[in-house]
Amino acid sequence: MSVLPEKSSSILLADADPESVVHLRALLESWKYEVEVLTDGAAAFKRLNDIHPPAMAILDYDLPSMKGFEIIAETRRRSRQRSLWMMLMSGSPDAEKIELATGAGVDDFLLKPVNELDLLVRLRTAERVQHLYRELQDQMDTVRFLASHDNLTGLLNRESMMRLLFQETDRAQRLRTPLTFMLIDLDKFSEINIECGYGTGDAVLREFAQRLKRYLRSYDILGRCGEDEFLIGLPGCMAEQAAVMAERLQRTVLVKPYHIHRDVLSITASIGIATSRGRSPLVVLREAERALGNAKLAGRDCIRSYDQASEPGTAIEAEIDSAALRQS
């Protein structure tokens, strides 16, 4: 039939009546559905709760070991896979069965023997509903991603970054493990926007973000917290280890030129480091900002660490000159 799609969904047919199974299976396969047949209720329940269940299920009411409406009710209770479409069949449309089916969360109710045209219409309706559900899920996933990530670089935004750092701080307190923040600011980035245009500046930020992702460990936390500022949470790292990572970052990531359209740009960055010691991420971030400010004042393209043991409100210099690093 021309109204049928080239590829249809997979269907679980659970029915203990051999004659009904033969008829329905032949009918569904003639409509190009992939049909899986089971005759036991418990087996059907297990299949519907697999990691990759079929798209739809047609369940007989009177299955052995587990009734059809019981399968639906328990599957709805356990599974978040709301797109799974479940239809219940029965030879008698009494009010009690319909009430049980409705309470179980059935999507459709079929009378046996099943009318072919009626079944086809219901299946097509189910597919359209599932398609709309998937579209809605995709839109919700997109909204959630945009709410938690920076639109330009795809990294975590400031709010999401801080939320994860609060969680990581709690974990560090429980396990008594270190946690260090690294705040990176691209030097004279505004000049790139002015001289080369904002499109070039955006391309630099995207490329730099990708370089950072490739450079960092899989469990490090990376986000963009300003126009040209990037914040990194380093679980398990002391300040000294973070400084070594920052040196390597300068020697490997930052020294590589950026080929943006016809422009070839060389960019440096100033880096501020502060260690959590179980304190609020807001406090540690302020310390990292002060360390970064000192790096900027020192002439940029260097690393500074904040020392809590020093006089309150001051940051000791732990500058590593980039030129000297490249010569070593």
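Author: Let's start with a convention: two strands count as paired if DSSP finds at least two bridges between them. Strands (E, at least two residues) and helices (H or I, at least four) are DSSP runs, numbered from the N terminus. You're looking at a predicted model, where local features need pLDDT of at least 70 and side-chain atom pairs count only at pLDDT 80 or more, while totals for chains, interfaces and linings use all residues. Residues are numbered from 1 along each chain as its sequence is written, and side-chain values use heavy atoms, with hydrogens and water left out.

Reader: Okay, sheets to begin with. What is the order of the five strands in the open sheet with parallel pairing?

Author: In general, strands of a sheet pair through backbone hydrogen bonds, either parallel or antiparallel. Here the order is β2-β1-β3-β4-β5, and the pairing is parallel. β2 (34-38) and β5 (108-111) are the edge strands, each pairing on one side only. From one strand to the next, the twist averages 20 degrees (angles run from 0 to 180 degrees between N-to-C directions, and axes are lines fitted to C-alpha atoms, for helices over the stretch in contact).

Reader: How many bridges join β3 to β4?

Author: Five, and the two strands run parallel. One matched pair to look for is A57 with M86 in β4. β3 also pairs with β1 (residues 10-14), in the parallel sense over four bridges, and there L13 has I58 as its bridge partner. Further along, β4 and β5 pair over four bridges, again parallel, with S90 standing opposite L111 in β5.

Reader: Is β3 buried or exposed?

Author: Buried means under 20% relative accessible area, exposed over 50%, and partly exposed in between (1.4 Å probe, protein chains only). Five of the five residues of β3 (56-60) are buried, so the strand is largely enclosed by the rest of the structure. As a rule, side chains in a regular strand alternate between the two faces of the sheet. In β3, M56, I58 and D60 point one way, while A57 and L59 point the other.

Reader: Which strands does helix α1 lie across?

Author: Helix α1 (residues 18-30) lies across β1, β2, β3 and β4 (contact means heavy atoms within 4.5 Å), running at about 165 degrees to β2. Helix α3 (residues 68-78) packs on this sheet too. α3 touches β3 and β4, and its direction makes about 160 degrees with that of β4.

Reader: And the other sheet, the one with mixed pairing: what is its strand order?

Author: That one is open as well, with five strands in the order β7-β8-β6-β11-β12. Its edges are β7 (221-224) and β12 (303-305), and the twist averages 15 degrees between successive strands. β11 (residues 269-275) runs parallel to β12, joined by three bridges, and I273 is partnered by S305 in β12. Helix α9 (residues 239-254) packs on this sheet, touching β6 (179-186), β8 (229-235), β11 and β12, at about 165 degrees to β11.

Reader: Now helices. At roughly what angle do the axes of α7 and α8 cross?

Author: Roughly 140 degrees, with the axes of α7 (residues 189-196) and α8 (residues 198-215) coming within 6 Å. Under 35 degrees counts as roughly parallel, over 145 as roughly antiparallel, 65 to 115 as roughly perpendicular and the rest as oblique. α7 and α8 are therefore oblique to each other. F189, I192, N193 and C196 of α7 meet Y198, T200, G201, V204 and L205 of α8.

Reader: Which other helix pair could I compare?

Author: Try α6 (residues 158-175) and α10 (residues 281-297), whose axes come within 10 Å and cross at roughly 115 degrees. That makes α6 roughly perpendicular to α10. R158, M162, L165, F166 and T169 of α6 make the contact with P281, L282, L285 and E289 of α10.

Reader: Back to α8. Which of its residues are buried?

Author: An α-helix has 3.6 residues a turn, so residues three or four places apart point the same way. In α8, the buried ones are T200, G201, A203, V204, L205, F208, A209, R211 and L212. E207 lies in this helix too, but at 28% relative accessibility E207 counts as partly exposed. Not counting residues up to four places away in sequence, E207 touches R214 and Y258. The C-alpha atoms of E207 and H259 are 9.6 Å apart, although the two sit 52 residues apart in sequence.
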